[in-house]
Amino acid sequence: MMKILILNGPNLNLLGTREPNIYGTTSMEACCAQLRANFPSLSLVYDQNNSEGALIDRLQLAAKDGTWGVVFNAGAYTHTSLALADCIRAIGLPVVEVHISNVAAREPIRRQSLIAEACAGTISGFGIDVYRLGIEALLGLKQTITTQSE
């Protein structure tokens, strides 16, 4: 069974109640339940941490524990963390960067991602559905890699 890590950064533990006009009213627990129902053939593992170092540790663990790819919402660390970008490059797993809001339409600081260049791609602005789209992007990448190796 293909294992995908869904990893959230700081303050995303507050989804459902945090600034609902920006992030919606769906909790991450509800989102994960829906994702598991939509992708029953996948092993979807969810983790969240407010600490940059803990996110790095979790990404490094993913590279060793059989995880195939990562859907990663780094939250505000997206715009500040070279350490996360370096980690993504180092682990050798495909990582899809996701953002619930359209970061390109927000404050200027949020328009730059320091992790984007290290990721396979970025999905932004489609609400909580970015997690489903991120999984689908990883599945498409897996299909492309499989086809190319045949």
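Two strands count as paired here if DSSP finds at least two bridges between them. With that in hand, we can look at the sheet in this model, which is a predicted one.

The sheet is open and has 5 strands, in the order E2-E1-E3-E4-E5, and the pairing is parallel. Which strands stand at the edges? They are E2, residues 42-48, and E5, residues 121-124. Each has a single partner strand, so one side of each is left without a neighbour in the sheet. From one strand to the next, the twist averages 20 degrees.

Let me stay with strand E4, which covers residues 95-99. E4 pairs with E3 in the parallel sense over 3 bridges, and with E5, again in the parallel sense, over 4 bridges. On the E3 side, valine 70 stands opposite valine 95 in E4. On the E5 side, histidine 99 has serine 124 as its bridge partner.

How many residues of E4 are buried? The count is 5 of its 5, so to read that number you need the cut-off: buried means under 20% relative accessible area. Val95, Glu97 and His99 point one way from the strand, while Val96 and Val98 point the other way.

Now a helix. Helix H3, residues 52-62, lies across three strands: E1 (2-8), E2 and E3 (67-73). Relative to E1, helix H3 runs at about 175 degrees.

Next, the nonpolar cores. The largest has 23 residues. Those with the most contacts inside it are Ile4, Ile6, Leu35, Leu44, Val71, Tyr131 and Ile135. Where do the residues of this core come from? E1, E2, E3 and E4 each supply at least two, and so do helix H2 (28-38) and helix H5 (130-149). Isoleucine 135 is a useful one to click on. Setting aside neighbours within four places in sequence, isoleucine 135 is in contact with Ile4, Ile6, Leu35, Phe39, Leu42, Leu44 and Val71. Apart from this core lies another, of 20 residues, including Ala62, Tyr77, Ile91 and Ala118.

I will turn to the annotations. An unreviewed UniProt entry carries an "active site" annotation that covers Tyr23 and His99. Do these two gather at one spot or lie apart? They span 77 residues in sequence, yet their C-alpha atoms are no more than 9.4 Å apart, so they gather at one spot. Both Tyr23 and His99 are included in the lining of the largest pocket.

Tyrosine 23 is found in helix H1, residues 20-23. Its relative accessibility is 8%, so tyrosine 23 counts as buried. Not counting residues up to four places away in sequence, tyrosine 23 touches Leu15, Arg18, Ile100, Ser101, Arg106 and Arg110.

The unreviewed UniProt entry also has a "binding site" annotation, covering Asn73, His79, Asp86, Ile100, Ser101 and Arg110. These span 38 residues in sequence, and the farthest two C-alpha atoms are 24.3 Å apart, so they do not all gather at one spot. Of these residues, the lining of the largest pocket includes Asn73, His79, Ile100, Ser101 and Arg110.

Two of the annotated residues are worth following. Serine 101 is in the loop between E4 and E5, and arginine 110 lies in the loop between E4 and E5 as well. At 9% relative accessibility, serine 101 counts as buried. Leaving aside neighbours within four places in sequence, the contacts of serine 101 are Ile22, Tyr23, Arg106, Ser124 and Gly125. With residues up to four places away in sequence not counted, arginine 110 touches Tyr23, His79 and Val103.

Last, two residues in the loop between E3 and helix H4. Glycine 75 is there, and so is serine 81, with H4 covering residues 82-91. Glycine 75 is buried, at a relative accessible area of 14%. What does glycine 75 touch, not counting residues up to four places away in sequence? The residues are Leu12 and His99. Between glycine 75 and valine 95, 20 residues apart along the chain, the C-alpha separation is 15 Å. Serine 81 has 1% relative accessibility and counts as buried. Again without residues up to four places away in sequence, serine 81 touches Glu52, Leu114 and Ile115.

That is the tour.

Key:
Residues are numbered from 1 along each chain as its sequence is written. This is a predicted model: local features need pLDDT of at least 70, side-chain atom pairs count only at pLDDT 80 or more; totals for chains, interfaces and linings use all residues. Side-chain values use heavy atoms; hydrogens and water are left out. Axes are lines fitted to C-alpha atoms, for helices over the stretch in contact, and angles run from 0 to 180 degrees between N-to-C directions. Contact means heavy atoms within 4.5 Å. A nonpolar core is a set of buried Ala, Val, Leu, Ile, Met, Phe, Trp, Tyr and Cys residues joined through side-chain atoms within 4.5 Å. Buried means under 20% relative accessible area, exposed over 50%, partly exposed in between (1.4 Å probe, protein chains only). UniProt positions are given in the numbering used here, feature names are shortened, and annotations may be inferred rather than shown by experiment. On a 1 Å grid over the protein atoms alone, a cavity is a set of points where a 1.4 Å probe fits but cannot get out, and a pocket is an open set with protein on both sides within 12 Å along at least five of seven lines; lining residues have an atom within 4 Å of a point.
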